[in-house]
Amino acid sequence: MNLCRLKNLKGISTVLAVGILWLLAGDAFGAETASATGVTGGYGPAPDLKPSDYPQVAGVNSRVTIWIVAQLHLWFAAFVLAVPIFVFIIEAIGMRTRDKRYDDMAYEFIKVSITAYSLTAIMGGLLLFCLVLFYPDLFRYMSVIFKDSMFYYALLFFAESAVLYIYYYGWHWLQGGFRKWVHLTLGLLLNAVGTTLMLLANAWLTFMMSPAGVDPAGVFSGDAWAAIHNFLWNPINIHRFIANIAYGGSIVGAYAAFKFLTASGAQEKAHYDWMGYNANFIAICALLPLPFAGYYLAAEIYAYSQQMGITLMGGLFAWLFIIQAVLIGTLFLSANYYLWCGMGRSDGAKRYYKYIKYIAIVLIGAFLVWFTPHTLVLTNEELKALGGPYHKYLGPLGIMPAKNTAVNLMILFTALSFMFYRRANKVATVGWVKAGNAIQVALFTTGILNIFFLGVYHGYFTNTVYKVAASIPQVLTTLIVIVASVVIDSFMYRRSQEAGPLHWGRVPPRSQYALFLLAVSFTWLMGLMGYIRSGIRQHWHILDIMRDNSPDAFTPTLGYAANVVSLATILFMAMVIFVFWLSQVSGSKTLPDGYWKE
Amino acid sequence: MKIPKLLQAVLVLIGVYLGFILVFDVLLDAVIPSSVLAMYMFFVAAGVFMVFTFEEDGTRELVAPIKALVEEPSRRLIRNIVFVVVPVLAGAGTYFQMVPSLDAPVELRSIHPAPPTAIKVYGKRVNLLKLENPYRKFEKEDPEKFKELVAGGAKVYIQNCQYCHGDKLDGKGPYAAGLNPTPLNFQDVGTIAQLQESYLFWRIATGGPGLPKEAAPWISSMPVWQNFLSEEEIWQVILFLYDYTGRRPRSWEHDG
């Protein structure tokens, strides 16, 4: 416990330092800019920088340093914002069901996030130092425009810390009756503060992509809300909010897998198996709508700037998008494999084994379409054989209508895997089982046909605006089929009998590696997509407003970028394993014989 | 006779591989690129692994022959053979992958370079984000005039563009075979149907030399058409490209 307190004090002091520095920086730089431009009470244009305006530290590559630090900060921030969301949900479930296992699990989750919280603050402080050190003029310009939100951001950090510590340390104190409600309310408050922090930080980064509240020369109008509420703010907010939940679920899933694999007793294994299942369930629930949120964000980027849109998916970064597609597919495959392996916990699951191969065929088939590149890598012989770089049959699979159709199918069949998993240990007793199953089959069949129709007809035979718009009814079809089927299932299995006792812990170790794969794929994916989102500005600090004239103002090669992201991923995973290990250490006690005076 | 699981898995993989070759190379007469096939097969193998190992009995059956090969003393001879043959095959595979060849290296070339925000054409600066085809409005307002403009564009196309891009706009003009990269196929759903008209204006007006430095080399032999055609002619030819192919330019507005 002492170790934990020490870490927390360190976290608080770092946050304090960050906050104070931020306040000072905002004021000082604001005053400096106003005086430098000679505008009293007004704002100057964005500075036109020279390479010599960027301080260099011998032997340090400033861009790679800030790239890695920002990425590490974001990963930890995503984790510590996500965990309280589902800790709140799980605590509420525990209160409703009065099943203490949920309360214990929620407490264990928040315990893991406490160490991660300190690391988030440390990385945030480091990021700020790097910004001030390596990109002082950019930071100065941004802090003039966002001085208010930066000030409140620092204050909110204090609020976040205070609420988190009361929530964590008061867990066992605030138990039962009204006290438990107070505790749950604190959880809600913690989430509200955390989400507000994320929204503010999102405003700064989206301003760099789609600046608002400034004129073409970068002169700020003084309307801070316009700068915050820029074109890409809400698309990023939605995408990040959902992605954080999925990410948090995957990291806690990896924690449970770590504990499962190192557990010695059957009871401990059963507990962590159950925890891993719940974490994976949350991750999958958030993963299902994530491709739609991502598509919405990409469509909005394209709508804002054709240049950024094409750079993103058709141009320079097209091949990184293929890697992204592969990683997203890997997430779906890992999540499905974990569910299939988990069916071994039930003796009644064998009834459904025969369907797994068909689900796998659809998943893999859709996955192949999902990552088929638009820009093919062809050898000269293939180029000659095809008569050009265009492939008559693979080419149409390289554009979005095919991808949207594929990902909807992947989502539908992942939901089907989940339904089989839920049914595995149950035997329905209602008289309308056959009719219920028939309705579900009809729902899936109609849904799949509709998804195909929308994808093929609107995707290839109508105006682009309908092609983009067709993704919405596709998503709605998928959601309707899933929700309706789950509702039918819940009525059909309401008074069901158990096929046998559920054996928590009876899963093969490889299922736990699927949980690890989920967490690593998520992390790598976020790093890669974060780089792409930031990189599509290319030689601009702030798109079309403030040019990046630093010596590093070039777009790195794909291989170089992938290596930096991979290095950052390894660093983050090493730190996460350290966090897991700490949680293990904090629970162990050594009794040193003869050391202390009796 | 029941086929052992390991053999089943291998047969599935071989079957899928041959299936891809049969469908693309033989039936469709459109060779499947080796890079795509390699990616496809990797994830097909992952899928096969998932299906064969998600339950314990199946996994045990799958790995039993491998386990027996490694552990059973009676299989010593075959084990030694396998332990020699597998690394040799892996080494040979690596060697043939890495050995330098006389072929030109494979180029990773983006189909759509990203346009700049603004360009300088016909002696003026044009903002590509806001640029629109001045004749597109006649499609609804004055269909007769629109028809004339499209016909004008067709004339420009036949006189200037079809030599490379082909009289069917499929990128197979008489000169196409001599060019690498080959001229764009406008019939392909992945080309002009994905783009705004301002993008086409940029590509036609500034040609190969106007391509951005990013993701170079583009090595495009497209002429700088602003030196040969008027601004009006370029907009007309753009109308023709969409009209002939039946595609619609990318836009954010719904048709009426």
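This is a guided tour of a predicted model, with selections to make in your viewer at each stop.

**The two chains together**

Begin by colouring chain A and chain B separately, and look along the boundary where 63 residues of chain A are in contact with 64 residues of chain B. Between them the two chains bury about 5600 Å², of which 66% is on carbon and sulfur atoms. Among the pairs that cross this boundary, 12 residue pairs are in polar contact, counting those with both residues at pLDDT 80 or more. Which parts of chain A supply at least two residues each to the side that touches chain B? Select helix 10 (290–304), helix 11 (306–313), helix 12 (318–342), helix 13 (350–371), helix 14 (380–386) and helix 17 (464–469) of chain A, and you have the helices that do so. The largest share of that side comes from helix 13 of chain A, which gives nine residues. If you colour the side of chain A that touches chain B by class, you will find 38 nonpolar, 19 polar and six charged residues.

Now look for charge pairing across the boundary, where the count between chain A and chain B is one salt bridge. Select A:Arg510 and B:Glu56, whose side chains meet in that salt bridge with N and O 2.7 Å apart.

**Helix 10 of chain A**

Next select residues 290–304 of chain A, which make up helix 10. The end C-alpha atoms of this helix are 21 Å apart, which agrees with the 21 Å that its 15 residues should span at 1.5 Å a residue. Several of its residues are buried, including A:Leu290, A:Phe292, A:Tyr295, A:Leu297, A:Ile301 and A:Tyr302.

**Helix 5 of chain A and its serine**

Move on to helix 5 of chain A, residues 147–169. At 1.5 Å a residue its 23 residues should span 33 Å, and the distance between its end C-alpha atoms, 33 Å, agrees with this. Among the buried residues of the helix are A:Met150, A:Tyr153, A:Phe157, A:Glu160 and A:Leu164, and A:Ser149 belongs to this group too.

Is A:Ser149 buried or exposed? The relative accessible area of A:Ser149 is 6%, and because buried means under 20%, A:Ser149 counts as buried. Show its side chain, and you can follow it to the backbone oxygen of A:Phe146, which it reaches at 3.1 Å. Then, leaving out residues up to four places away in sequence, select what A:Ser149 touches, namely A:Leu200, A:Trp204 and A:Ile228.

**A salt-bridge network in chain B**

Over all chains the count comes to 17 salt bridges, and this stop looks at a group of them in chain B. Side chains of opposite charge can pair when their charged atoms come close. Select B:Glu139 first, and then B:Arg136, with which B:Glu139 forms a salt bridge whose closest N and O atoms are 3.1 Å apart. Add B:Arg248, whose side chain meets that of B:Glu139 in a salt bridge with N and O 2.8 Å apart. This second pair links distant parts of the chain, since B:Glu139 lies in helix 5 (residues 138–141) of chain B and B:Arg248 in the segment after helix 9 (231–245), 109 residues apart. Salt bridges that share partners join B:Arg136, B:Glu139, B:Glu197 and B:Arg248 into one network, so you may wish to show these four residues together.

As for accessibility, B:Arg136 counts as buried at 16% relative accessibility, whereas B:Glu139 is partly exposed at 27% and B:Arg248 is partly exposed with a relative accessible area of 27%.

For another pair in the chain, select B:Arg75 and B:Glu72, which form a salt bridge with their closest N and O atoms 3.6 Å apart. B:Arg75 is partly exposed, with a relative accessible area of 34%, and B:Glu72 counts as partly exposed at 34% relative accessibility.

**A buried phenylalanine in chain B**

The last selection is B:Phe52, which is found in helix 2 (residues 34–53) of chain B. With a relative accessible area of 11%, B:Phe52 is buried. Which residues is B:Phe52 in contact with, once its neighbours within four places in sequence are left aside? Show B:Lys5, B:Gln8, B:Ala9, B:Gly58, B:Thr59 and B:Leu62, and you will have the contacts of B:Phe52 on view. One of these, B:Leu62, is 10 residues from B:Phe52 in sequence, and their C-alpha atoms are 7.2 Å apart in space.

Technical notes: Residues numbered from 1 in each chain as written. Chains lettered and ligands numbered in written order. Predicted model: local features only at pLDDT ≥ 70, side-chain atom pairs only at ≥ 80, totals over all residues. Heavy atoms only, no water. Contact = heavy atoms within 4.5 Å. Buried area = accessible area lost by both parts, 1.4 Å probe. Polar contact = N/O pair within 3.5 Å; in protein donor to acceptor, adjacent residues only side chain to side chain. Helix = DSSP H or I, 4+ residues; strand = E, 2+ residues; numbered from the N terminus. Nonpolar A, V, L, I, M, F, W, Y, C, P; charged D, E, K, R; others polar. Expected span 1.5 Å × (residues − 1). Buried < 20%, exposed > 50% of the residue type's maximum accessible area, 1.4 Å probe, protein only.
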